[in-house]
Amino acid sequence: MKALKIILVIVVLSATIWMGMNILKNTQDTDNNVPSEMVLIPSGTYRMYGDSNPVKAFYMDVHPVTVGEFRRFIIETGYKTSADEFGDAGVFNQSNGQWSLKDGANWEYPQGKDYPKAQDDHPVTQVSWYDAVAYCKWVGKRLPTELEWEYAASNAGTLVDAKYPWGTNSITENGTYLGNVWQGAFPVYNSVEDGYRTTSPVGAFGKSPLGLEDMAGNVWEWCSDWNKKTMDKQKNQRGGSFLCDTKVCHGYTIDGTSSSTPDTSLMNVGFRCVKDVGD
Ligand SMILES: [Ca+2]
């Protein structure tokens, strides 16, 4: 009888330990520690510019940093953006198709003070690379490398033959646009078939399979690294913007690229942050 009790205790203890180990394993697999409003991008290998690169797992913001989020940063830190230091920023005139530096244009008034304020749920623009780095640091994050950005856009390397982060080669599905880009004759006629002449609220066009929003169109996004084609004079940008027309600028593909000097602020460039797993 005593032996039977001992066997029973051993069986119960073993079952408890086994269940505990499985709960621990499942917790690790699903990563319940994903920060709010971020997505876990799993580790893997990704080919970019002809080289195969290992990529460590990281967390990425679901959407570009919004005007509302950036406002909190400005209010709480008193930070002065590059555009506010210079007193002007780059604005694109959709009537004549010209870029120019416009007095007073900044993160709050991306088209200048004679246009309405940017809405809180839209991606912040008119931010330099320095501004983007300062914001990410303030929230305990960092900018993604170009490799990390493209790897995330490709759904962690699983989209092999797709041009776009949603997994197909078409910008529309059943007649509905899947990203905020330019329709019409760039640069002078924007037919606004997708509903937005400039920026759109983050997430208005749905999520990628990994759960990321606005990885194509809406605004270009700063990356952390220097652009090799410009001999390290400019910083990389990814994702394309509302000014991208398929016939002229096809930047909103997974591998579409752009770059600007780090002090540049433009009305179609924003950013999102990433964070290392375990930080
Ligand atoms: Ca549009």
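Here are some worked exercises on the predicted model above.

Two ground rules before you start. Residue numbers count from 1 along each chain as its sequence is written. Because the model is predicted, local features need pLDDT of at least 70 and side-chain atom pairs count only at pLDDT 80 or more, while totals for chains, interfaces and linings use all residues.

**Exercise 1: The overall picture**

Task: Find how many helices and strands the protein chain has, and what share of its residues is buried.

Solution:
- Start with the elements. The protein chain has five helices and 13 strands. Helices (H or I, at least four residues) and strands (E, at least two) are DSSP runs, numbered from the N terminus.
- Next, burial. A residue is buried if 20 or more other C-beta atoms lie within 10 Å of its own, exposed if 12 or fewer, and partly exposed in between, with C-beta atoms placed from the backbone. Buried residues make up 39% of the 279 residues.
- Finally, contacts. Two residues are in contact if their C-beta atoms, placed from the backbone, lie within 7 Å. Take the contacts between residues at least 6 apart in sequence: 64% of them join residues at least 24 apart.

**Exercise 2: The three-stranded sheet**

Task: Work out the strand order of the open sheet of three strands, and which strands are at its edges.

Solution:
- Two strands pair if DSSP finds at least two bridges between them.
- The order is β1-β4-β13, and the pairing is antiparallel.
- That puts β1 (38-41) and β13 (274-276) at the edges, each pairing on one side only.
- From one strand to the next, the twist averages 25 degrees (axes are lines fitted to C-alpha atoms, for helices over the stretch in contact, and angles run from 0 to 180 degrees between N-to-C directions).
- Now check the pairs. β1 and β4 are joined by four bridges, and methionine 38 has aspartate 61 in β4 as its bridge partner.
- On the other side, β4 (residues 58-61) and β13 share three bridges, with phenylalanine 58 opposite aspartate 276.
- Look at the faces of β1 too: Val39 and Ile41 are on the covered one, Met38 and Leu40 on the uncovered one.

**Exercise 3: The four-stranded sheet**

Task: Trace the open sheet of four strands and say which pair runs parallel.

Solution:
- The order here is β11-β10-β9-β12, with mixed pairing.
- β11 and β12 each have a single partner strand, so one side of each is left without a neighbour in the sheet.
- Go along the sheet. β11 and β10 run antiparallel and are joined by four bridges; arginine 238 has threonine 257 in β11 as its bridge partner.
- β10 and β9 are antiparallel as well, with three bridges, and here tryptophan 226 stands opposite lysine 235.
- The parallel pair is β9 and β12, over two bridges. In that pair, glutamate 221 has glycine 270 as its bridge partner.
- One extra detail on β10 (residues 235-238): Lys235 and Gln237 point one way, Asn236 and Arg238 the other, and all are buried.

**Exercise 4: A hairpin**

Task: Find how many residues lie between β2 and β3 in their hairpin.

Solution:
- Strand β2 (residues 44-48) and strand β3 (residues 51-55) run antiparallel and are joined by five bridges.
- Arginine 47 stands opposite serine 52.
- Two residues lie between the strands, and tyrosine 49 in the turn has a positive phi of about 55 degrees.

**Exercise 5: Inside the protein**

Task: Explain why helix α5 is largely enclosed, then look at the largest nonpolar core.

Solution:
- In α5 (residues 146-153), seven of the eight residues are buried, so the helix is largely enclosed by the rest of the structure. Among the buried ones are Trp149, Tyr151 and Ala152.
- A nonpolar core is a set of buried Ala, Val, Leu, Ile, Met, Phe, Trp, Tyr and Cys residues joined through C-beta atoms within 7 Å. The largest has 53 residues, and Met60, Phe70, Ala132, Leu143, Ala152 and Trp222 touch the most other members.
- Elements giving two or more residues to this core include β1, β4, α5 and β9 (220-226).

**Exercise 6: Methionine 267**

Task: Decide whether methionine 267 is buried or exposed.

Solution:
- Locate methionine 267 in the loop between β11 (257-260) and β12 (269-270).
- Count its surroundings: 26 other C-beta atoms lie within 10 Å, so methionine 267 is buried.
- Beyond neighbours within four places in sequence, its contacts include Gly90, Phe92 and Thr125.
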